[in-house]
Amino acid sequence: MTASPQATFVATLVDEWARAGVAHAVVAPGSRSTPLVLALAADGRIRLHVHHDERSAAFLALGIGLATGVPAVVLTTSGTAAVELHPAVVEADLARVPLLVCTADRPPELHHVGAPQTVDQTHLYGRSVRWFAEPGVAEPTASATWRSLAARAVAEALGPPAGPVHLNLAFRDPLAALPGPLPPTRADGGPWHRTVPRPATPAPDAVDEVRSLLAGARRGVIVAGGGSGDAEAVHGLASALGWPVLADPRAPARCPAPATVASFDALLRHEATAERLRPDAVLRLGQAPASKVLGQWLAASGAVQVAVEADGTWLDPDRTAAAMVAGDPSGWCRALSDALGGAPTDEGWAPAWAAAEGTASSAMASAIAAVSTPTEPAVARTLAAALPDGATLVVSSSMPVRDLEWYAAPRAGLRVLANRGANGIDGVLSTAVGAAVATGERTAVLIGDIALLHDTNGLLGLAGRGADLTVVVVDNRGGGIFSFLPQSTTVPPEVFERLFGTPHDVDLVALAEVHGLPGTEVSDLDELASAVASPVEGARIVVVRTDRSSNVAVHDRVHAAVAAALDERGGGDPAQPDGISGAQDGPGPA
């Protein structure tokens, strides 16, 4: 092979990406992408993952970015292969996950003449990308721009806000060639462009503005979701204000602490408790939890609401926020603790929440344990408790993310990740594979059978990826979440099953074995806990069968048990230990 500008161009991109901290690239086989594939393979600083399926490859790269905060490269050949990346690009956009999307393309002279594998890839992903660049076929006269192109792609992907970047790269034959000398680097050896992060400490005038909104509140709540800051900062503020922390599993603040409220969904289904604990101020940190009940309660509360999000993304579907704050949630919690700490609070507020949480969590644990066979709430609760400290749990959308949020007990030492940008079920397995290979840590994924079948190609090559991954599949032979929706009672049963229940006859243990993976089916929760807690080399699939037809009833029984326990403690009677005065103090409706 002879040296060519094209080979030098792609070698420069790879060199610059490595200098900027990129450590992983995922490639799907193809011909037109040969120049960049060879450059990636030749550079030992970037770990190369080869995947047969483009859609799964993109979600694998997304999982790497989700777990590490550093973009991975995903590369395809031209044509419909590039189109297959779109679902992951959309998720990366909405979830603000850094991703470097590289699509190989035919040179200009092969467009609009019927050349094979040639589609219009210019702005292929529309407004879902942070930045799009199409530098054209590499020419030596443009070599001074190559490092800038590569470094800017990483910087744009890191944001703020983080997200996908699309480079559409045209390559001419011959596709295989040797690189020549690369353009000069920065004298310090670092990337060509650097970005300066926002300060972690908010400006005093901004703190004063938020303080003025919250200063009159005597009964507030902190709602913490994904990206809500570190647990110490959040609970430090909660302690200073005497406010509870309603935390979903993605929040580090969902840890054993006096202010933690993990049973908020069940509590707020109880009308008297929801009314009695109505706040006059709400501080929302990061992304919203999945609970629709919580969202409706917040929207109807009339409370002054302040939303803090690291990238300043507008997360306010109910249009209730009085202030949208762009900044580090941990820094804001510390600043507000100093600014608001010591202000008058309702002395009964924190004890009322703590008592309600204790009542609900105890009733919930008893109701879940009372059923001898595995149920979906019990599977989520058991899995979250059994994983060792330092593990990562990836949880699928649909019912798994809700079951984990509603029923898992607070714990420290477990990181929870989920694709909650578009809230889709596609690519969940591949996302978990990406998280596992990027971190090298013990990783598990809680996924439903339909979501697994949606991403079956994520199993391709998994046995050889060195991923410490346990795939826990809740197999209820269909789409269980639809049984919770009005369609389940308004549509004739046979029509519902065909269009929504969508039963399947796939043997998931056999599916694992086809892909060279150990697969097992467990029949009780002790077996599940043992399977999850035991050391594993490589990936495996653990199947737990549940009954879709009775799943709704199981959820209803748990919620009913919580409601009965709350009633037993006195409902809305302020004379009871978990009761407080119904009068509102400070901002909010009377």
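These questions and answers cover the sheets, helix packing and nonpolar cores of a predicted model.

Me: Which strands stand at the edges of the open sheet with the order S2-S1-S3-S4-S6-S5?
Reply: This open sheet has six strands, with parallel pairing. Its twist averages 15 degrees from one strand to the next. Each edge strand pairs on one side only. The edge strands are S2 and S5 (131-133).

Me: How many bridges join S3 to S4?
Reply: S3 and S4 run parallel. Leu75 stands opposite Cys102 in S4. The number of bridges joining S3 to S4 is four.

Me: What angle does the direction of H1 make with that of S6?
Reply: H1 packs on the sheet. Its contacts there are with S3, S4 and S6. The angle between the directions of H1 and S6 is about 165 degrees.

Me: Which residues of helix H2 are buried?
Reply: Helix H2 spans residues 34-42. Its buried residues pack against helix H1 (5-19) and against strands S1, S2, S3, S4 and S6. The buried residues of H2 are Thr34, Pro35, Leu36, Ala39 and Leu40.

Me: Why is one side of S14 and of S17 left without a neighbour in the sheet?
Reply: Six strands form this open sheet, in the order S14-S13-S15-S16-S18-S17. The pairing is parallel, and the twist averages 20 degrees from one strand to the next. S14 (414-417) and S17 (519-522) lack a neighbour on one side because each stands at an edge with a single partner strand.

Me: Which residue in S16 does Gly448 stand opposite?
Reply: Strand S15 covers residues 443-448 and strand S16 covers residues 469-475. They pair in the parallel sense over six bridges. Opposite Gly448 stands Val474.

Me: Which strands does H14 touch where it packs on the sheet?
Reply: The direction of H14 makes about 165 degrees with that of S16. Another helix, H15 (residues 399-407), lies across S13, S14 and S15, at about 125 degrees to S13. The strands touched by H14 are S13, S14, S15, S16 and S18.

Me: Is Thr375 buried or exposed?
Reply: Thr375 is found in the loop between helix H13 (349-369) and helix H14 (376-386). Leaving aside neighbours within four places in sequence, Thr375 is in contact with Thr546 and Val554. Buried means under 20% relative accessible area. At 7% relative accessibility, Thr375 therefore counts as buried.

Me: Why do H8 and H12 count as roughly parallel?
Reply: Helix H8 (residues 231-241) and helix H12 (residues 329-340) have axes 8 Å apart. Their crossing is left-handed. Angles under 35 degrees count as roughly parallel. H8 and H12 are therefore roughly parallel, packing at an angle of about 20 degrees.

Me: Which residues in H12 meet those of H8?
Reply: The H8 side consists of Ala233, Val234, Gly236, Leu237, Ala240 and Leu241. They meet Ser330, Cys333, Arg334, Leu336, Ser337 and Leu340 in H12.

Me: Which helix gives the most to the largest nonpolar core?
Reply: Ile222, Val245, Leu246, Leu283, Trp297 and Trp353 have the most contacts inside this core of 64 residues. The top contributor, with nine residues, is H13.

Me: How many residues has the other core, with Phe59, Ala61, Leu85 and Leu508 among them?
Reply: In soluble globular proteins, nonpolar side chains tend to be buried together. This other core lies apart from the largest one. Its residue count is 51.

Terms used:
Residues are numbered from 1 along each chain as its sequence is written. This is a predicted model: local features need pLDDT of at least 70, side-chain atom pairs count only at pLDDT 80 or more; totals for chains, interfaces and linings use all residues. Side-chain values use heavy atoms; hydrogens and water are left out. Buried means under 20% relative accessible area, exposed over 50%, partly exposed in between (1.4 Å probe, protein chains only). Helices (H or I, at least four residues) and strands (E, at least two) are DSSP runs, numbered from the N terminus. Contact means heavy atoms within 4.5 Å. A nonpolar core is a set of buried Ala, Val, Leu, Ile, Met, Phe, Trp, Tyr and Cys residues joined through side-chain atoms within 4.5 Å. Two strands pair if DSSP finds at least two bridges between them. Axes are lines fitted to C-alpha atoms, for helices over the stretch in contact, and angles run from 0 to 180 degrees between N-to-C directions. Angles under 35 degrees count as roughly parallel, over 145 as roughly antiparallel, 65 to 115 as roughly perpendicular and the rest as oblique. A crossing is left-handed if the near helix is turned anticlockwise from the far one by less than a right angle, and right-handed if clockwise.
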